[in-house]
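Subject: Two-chain model for your files

Dear colleague,

Here is the structure I promised to hand over, with the sequence and the coordinates together. My notes on what was found in it follow below.

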Amino acid sequence: MTTLSATSISADKDIQLIDARGPRFGALITTVVLAIALLTSSTFVIGLQLAVFALAVGFGPARGPYGLFFKKFVKPRLSGDVPTEDARPPRFAQVVGLAFALTAFIAGLAGATTVFAVAVAFCLAASFLNAAFNYCLGCEIYLLISRLTHKAR
Amino acid sequence: MKITSPNIVLLAATLGLASIYGIWHRSSRGKFKAAHTGVNQAIAPLVTPEEIENAFGSKLTLVQFSSAFCTPCRATRALLTDITADLPDVVHVDVDAESHLELVRRLDIRSTPTTVILNKDGHEVGRAVGAPKRQQVLDVIASLS
């Protein structure tokens with residue numbers, strides 16, 4: 001009894017599926033890196049994470065640095081069924097991470113320590129939620145952003 | 001690179017608050033809540049079949065709002081499709097939230113997936129934010145039928 005509307009984004013044939021454990025592993029590494037950046041107030045460490053986010057956005061989460069590490073070193077050691085997911089939700093999360101990391105990096109270069117700390121803390125909270133609770137950032141904020149950026153007719 | 005005590009406090013506070021939010025979030029997702037306002041048959045329907053581009057079910061319509069950047073939307077879609085396949089009077093409709101922003105604003109949909117349950121006249125009788133479990137869907141359909 002299901003009907004997909006003509007504008008639906010859910011045409012399954014168009015969806016690129018990736019191993020869902022990859023982005024979650026990436027979120028774990030990201031959480032550790034961001035915790036180190038926050039503890040040491042390190043612009044250099046945020047710069048590294050910024051590059052990781054940029055590569056994951058550009059090439060897709062499965063082909064970013066943490067995604068490649070997962071594929072080469074972690075995935076071969078895992079057994080059981082491979083849970084899959086659409087590549088777009090984790091990619092969206094990487095875009096959000098990129099925005100926060102870029103803000104923190106610029107603030108770090110400019111010596112704005114409070115802005116740096118707040119931006120890193122938000123980025124850390126999001127990656128920790130993803131790693132610990134399998135939190136779906138795109139589910140929670142994408143529609144809110146759409147509502148804010150598209151004016152009511 | 002020096003570790004200062006304000007940074008340790010900030011790290012602990014960030015992880016602590018995120019944990020509290022994460023636990024609350026996990027426990028609240030997928031639960032069906034009854035509509036706040038009583039169903040008044042005199043007022044105009046909240047949603048029309050034209051708006052969701054689909055005919056209503058003769059008893060209930062499950063309107064699922066989805067988006068492209070939403071992993072649990074797929075699982076919710078599969079679950080609701082499966083459940084409604086056996087129920088001739090309950091219809092499941094998957095709506096792309098982004099292309100129905102007017103309806104999204106009127107129903108105050110904030111995240112995806114959100115499943116709004118309409119009665120045969122298009123009045124909201126309940127909703128669940130987040131992916132519901134099979135038993136939660138079966139229970140709410142039974143309680144509203």
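A salt bridge is counted here when a side-chain nitrogen of Lys or Arg lies within 4 Å of a carboxyl oxygen of Asp or Glu. By that rule, two salt bridges are found across the interface of chain B and chain A, while the structure holds 12 over all chains. Please keep in mind throughout that this is a predicted model, and that every value below was computed from it.

The chain A fold

Chain A contains six helices and three strands, and, read from the N terminus, its elements follow the order β-β-α-α-α-β-α-α-α. Of the 153 residues in chain A, 50% are buried, and among its contacts with a separation of 6 or more, 76% are made by residues 24 or more positions apart. The area that chain A exposes comes to about 8000 Å², with 68% of it supplied by carbon and sulfur atoms.

The interface

Where the two chains meet, 51 residues of chain B are in contact with 45 residues of chain A, and the two chains bury about 4300 Å² between them, of which 61% is on carbon and sulfur atoms. Three residues, B:F69, B:R74 and B:R105, supply 17% of the area that chain B buries against chain A, which is more than any other three residues do.

As for polar interactions, the rule finds 15 residue pairs in polar contact across the interface of chain B and chain A, counting those with both residues at pLDDT 80 or more. On the side of chain B that touches chain A, the elements that give two or more residues are α1 (5-28), α3 (71-85), β3 (90-96) and α4 of chain B. Of these, α1(B) gives the most, with 13 residues. Sorted by class, that side of chain B has 22 nonpolar, 16 polar and 13 charged residues.

Salt bridges between the chains

Side chains of opposite charge can pair when their charged atoms come close. One such pair is formed by B:R29 and A:E140, whose closest N and O atoms are 3.5 Å apart. Another is formed by the side chains of B:D108 and A:R147, at 3.2 Å from N to O. This second pair crosses from B:D108, in the loop between α4 and β4 of chain B, to A:R147, in helix α6 of chain A. How exposed or buried are the two partners, B:D108 and A:R147? B:D108 is partly exposed, because its relative accessible area is 30%, whereas A:R147, with a relative accessible area of 18%, is buried.

Salt bridges within a chain

B:D108 also takes part in a salt bridge with B:R110, and here the closest N and O atoms are 2.6 Å apart. In chain A, A:R21 forms a salt bridge with A:D19, with the closest N and O atoms 2.8 Å apart. A:D19 is buried, with a relative accessible area of 11%, and a network of salt bridges links A:D19, A:R21 and A:K75.

Backbone points to check by eye

Three places in the backbone may be of interest when you open the model. The first concerns the peptide bond between B:T112 and B:P113, which is cis, with omega at about -10°; B:P113 lies in the loop between α4 (101-106) and β4 (114-119) of chain B.

The second is B:D108, already mentioned for its salt bridges, which has a positive phi near 55° although this residue is not a glycine. B:D108 is found in the loop between α4 and β4 of chain B.

The third is A:N134, which likewise is not a glycine and has a positive phi of about 55°. A:N134 is placed in the loop between α5 (113-133) and α6 (137-149) of chain A, and is partly exposed, with a relative accessible area of 48%.

If you look at one spot in the model, I would suggest the loop between α4 and β4 of chain B, where B:D108 is found and where B:P113 also lies.

With best wishes

How values were computed
Residues numbered from 1 in each chain as written. Chains lettered and ligands numbered in written order. Predicted model: local features only at pLDDT ≥ 70, side-chain atom pairs only at ≥ 80, totals over all residues. Heavy atoms only, no water. Helix = DSSP H or I, 4+ residues; strand = E, 2+ residues; numbered from the N terminus. Buried < 20%, exposed > 50% of the residue type's maximum accessible area, 1.4 Å probe, protein only. Contact = heavy atoms within 4.5 Å. Areas by Shrake-Rupley, 256 points an atom, 1.4 Å probe, with all protein chains shown as cover. Buried area = accessible area lost by both parts, 1.4 Å probe. Polar contact = N/O pair within 3.5 Å; in protein donor to acceptor, adjacent residues only side chain to side chain. Nonpolar A, V, L, I, M, F, W, Y, C, P; charged D, E, K, R; others polar.
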